[in-house]
Amino acid sequence: MTHEHLPSDAIADRLRDTPLFGGLDDAQLEHLVEMGQIVDLETDELLIREGDVADALYVVLDGELEVTKSAGTSQIPLAQVGPGSLQGEIAALEGGRRLASVRAMGPAEVLRIPVETIRELLAAGPDVALSVIRTAVARLRTMESMLREREKLAGLGTLAAGLAHELNNPAAAALRSVNALEQAVAAAESHPHPVPPPRPPEGTEPPRSALERADRIAEIEPYAPDADDASALVELGWTPEALAGVPAETIPWLAADASVRQLLGELEMALSRIGEIVAAVKGYTYLDQAPVQQVDVRIGLEQTLVILRHKLKEIDVTTAFADDLPEIEAHGSELNQVWTNIVDNAADAMDGRGSLSITADPEPEPGGIGVRVTICNSGPEMPDEVRKRIFEPFFTTKEPGKGTGLGLHISHNVIAQHGGRIEVETAPGRTCFIVTLPPEIASRGASHGGPAHTNA
C-alpha cells in the first residue's frame, strides 16, 4: 500500500517541535531530513522489538504508536505516542539493546534517523548535546516511574505465587487427613470398645529413620489388619511384644484408634504450617504497623525464606544469626523486598539447585551498632562486566520478558535511602551480596523510590 508522505519542510517543522531537535537551525534540520528515511507502518506492524540491537531513533510524523514491555507471556502497555514524539533515542545513543517494543496502532509514518547521523549532530556543538541530555533524562524519569509500579506488582506476584504454592500443600494435606479421619472414626466405631482400652507400652519412642520405621512395621504387620494399620500402631508406640498380650478381637479397634490419633497429628501439623505462613506474610508486609519502626532483620530474613520456600526446595539453605544482633530503625516491608530480590535472584542463578547461606552480624557504624547481612549462593562467578552494572536500572542478564532489570536497582535505592551500603563479591562457585545498615535511617526526608529509566 502506498502512502502520501509529508513534504520535507513539513517534516522539518515536526522535528523542530520535538524537544530533542527544537534548538537546531534550518540547515541542521534539513540535513536530518535528508539523512533520514521515511518508514510507513501498517496497523499492528512492529517498529521496534524489545531485545534487538538499536541502530536508529525514530520521530513519529503521523499516526499513533504503542510502547510495551514484555512480562512473561504478556505485553505490559507503557505509553501511547503520537506525531512529534521520539522513540528509541536512549538505546540508540547508548548503542545498546531495545528495552521495550513499539507497535503501530493504525497506519503510521515515522522518520528513521541512523545513529551515525545523530552522532554527527552531537559533534556540532554543546547546545545540541545539552538538549539531547535534557530530553533523555526527562524520558527516563517518566518511564521508570511507570515501571517501578510494574516492579512492585511483580513483587506482589512473587509473593502471591509463593503463598499459593505454600498454602496449597498443607491445605491439601489437611483435607486428605480430614477425609481419612472420617473413615478411621467410622472404622473405630464399628468395633466393640474394650473397657478399659489397652494402652501402648510406656517409654517406646517413634522410629527415627525411614529404615527403622519400615522394620517396625514389618514386625507388627502379622498382628495388624493391614500395612496402614501397622504403620499407625508403630507411630503410637506399639511393639510386637505388647500386641502379643492383647486379645485378637481388640487389635482392629487399637489400629483404628491409632489411625485416628495419627491423622489428628497430621491435621494439626498441616494447620500449624498454614498458620506459620499466614503469620510470615503478615510480618513480611508489616500489615497494620507503622512504616518506620525498630526492626529485627532476622525475622524479616526468616519470613522471606518462608515466602520463597517453593523456590528453595532443592537448595541447601543455612542461616547464622548473631544472638546480640541489634534492632535497627527501618522501613521493614521495603527491607523484606530487598531480601526477596536477592534470594530470588540467587535461586535463579543456581537454577534452583545449590547452597544458600545467610548470616547477620552486628556492624559498628557511625552513631552506634548497625547490622551486616551477607547472602551467598553457590552459583557461577559473576563476570566483571555484569558485576559492574547489576545495580543499573533495566540491566538484566535474563532474556526479554523474564525480568525487568529493576529488582536490584530498587534494592540499591532502598538500602541507600536507609543510609546503608550494598556490595557484591564474586568468585568461582560463590557470589555474595553484602548489605550494611546503620542503626538509624540516615535521613527521614529522603524520598522513596528514586528515579528509574526506560526507553525503547
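## A buried disulfide

In this predicted model, cysteine 376 and cysteine 432 are both buried. Their sulfur atoms are 2.0 Å apart, and the two residues are joined by a disulfide. A search of the whole structure finds one such bond.

Where do the two halves of the pair sit? Cysteine 376 belongs to strand S13 (residues 368-377) and cysteine 432 to strand S15 (residues 430-437), so the bond ties together parts that are 56 residues apart in sequence. If you turn the model to look along the sulfurs, you can also check the handedness: the torsion about the S-S bond is about 110°, so the disulfide is right-handed.

## The core around isoleucine 375

Let us turn to the nonpolar residues. In soluble globular proteins, nonpolar side chains tend to be buried together. Here the largest nonpolar core has 38 residues, and those touching the most other members are Val297, Trp339, Leu356, Ile358, Val373, Ile375 and Phe433. Helix H11 supplies the largest share of this core, with seven residues.

Isoleucine 375 is a good place to start exploring. Setting aside neighbours within four places in sequence, isoleucine 375 is in contact with Leu301, Trp339, Ile342, Val343, Leu356, Ser357, Ile358, Thr431, Cys432 and Phe433. One of these contacts, Cys432, is also a partner in the disulfide.

A second, separate core has 18 residues, including Ile11, Ala12, Val33 and Leu86.

## Salt bridges across the sequence

Side chains of opposite charge can pair when their charged atoms come close. The structure holds 10 salt bridges, and a few of them are worth a visit.

Glutamate 314 and arginine 353 meet through their side chains, at 3.0 Å from N to O. Glutamate 314 is in the loop between helix H10 (297-307) and strand S10 (315-321), while arginine 353 is in the loop between helix H11 (332-349) and strand S12 (354-365), so this salt bridge ties together parts that are 39 residues apart in sequence. Arginine 353 is exposed, with a relative accessible area of 55%.

A second salt bridge links the side chains of glutamate 365 and arginine 421, with an N to O distance of 3.7 Å. Glutamate 365 lies in strand S12 and arginine 421 in strand S14 (residues 421-427), so parts that are 56 residues apart in sequence are tied together. Are these two partners buried or exposed? Glutamate 365 counts as buried, at 14% relative accessibility, whereas arginine 421 is partly exposed, at 37%.

## A salt bridge within one helix, and a network

Aspartate 384 forms a salt bridge with arginine 387, and their closest N and O atoms are 2.7 Å apart. Both residues lie in helix H12 (residues 384-387), where they are three residues apart, about one turn of the helix. Aspartate 384 is partly exposed at 39% relative accessibility, and arginine 387 is partly exposed too, with a relative accessible area of 32%.

Elsewhere, Lys311, Asp344 and Asp348 are joined into one network by salt bridges that share partners.

## Helix H7 and the glycine after it

Which residues of helix H7 (residues 227-236) are buried? They include Asp229, Ala230, Ser231, Ala232, Leu233 and Val234. Just after H7 comes glycine 237, which takes a positive phi of about 110°.

Key. Residues are numbered from 1 along each chain as its sequence is written. This is a predicted model: local features need pLDDT of at least 70, side-chain atom pairs count only at pLDDT 80 or more; totals for chains, interfaces and linings use all residues. Side-chain values use heavy atoms; hydrogens and water are left out. A disulfide is a pair of cysteine sulfur atoms within 2.5 Å. Helices (H or I, at least four residues) and strands (E, at least two) are DSSP runs, numbered from the N terminus. Buried means under 20% relative accessible area, exposed over 50%, partly exposed in between (1.4 Å probe, protein chains only). A salt bridge is a side-chain nitrogen of Lys or Arg within 4 Å of a carboxyl oxygen of Asp or Glu. A nonpolar core is a set of buried Ala, Val, Leu, Ile, Met, Phe, Trp, Tyr and Cys residues joined through side-chain atoms within 4.5 Å. Contact means heavy atoms within 4.5 Å.
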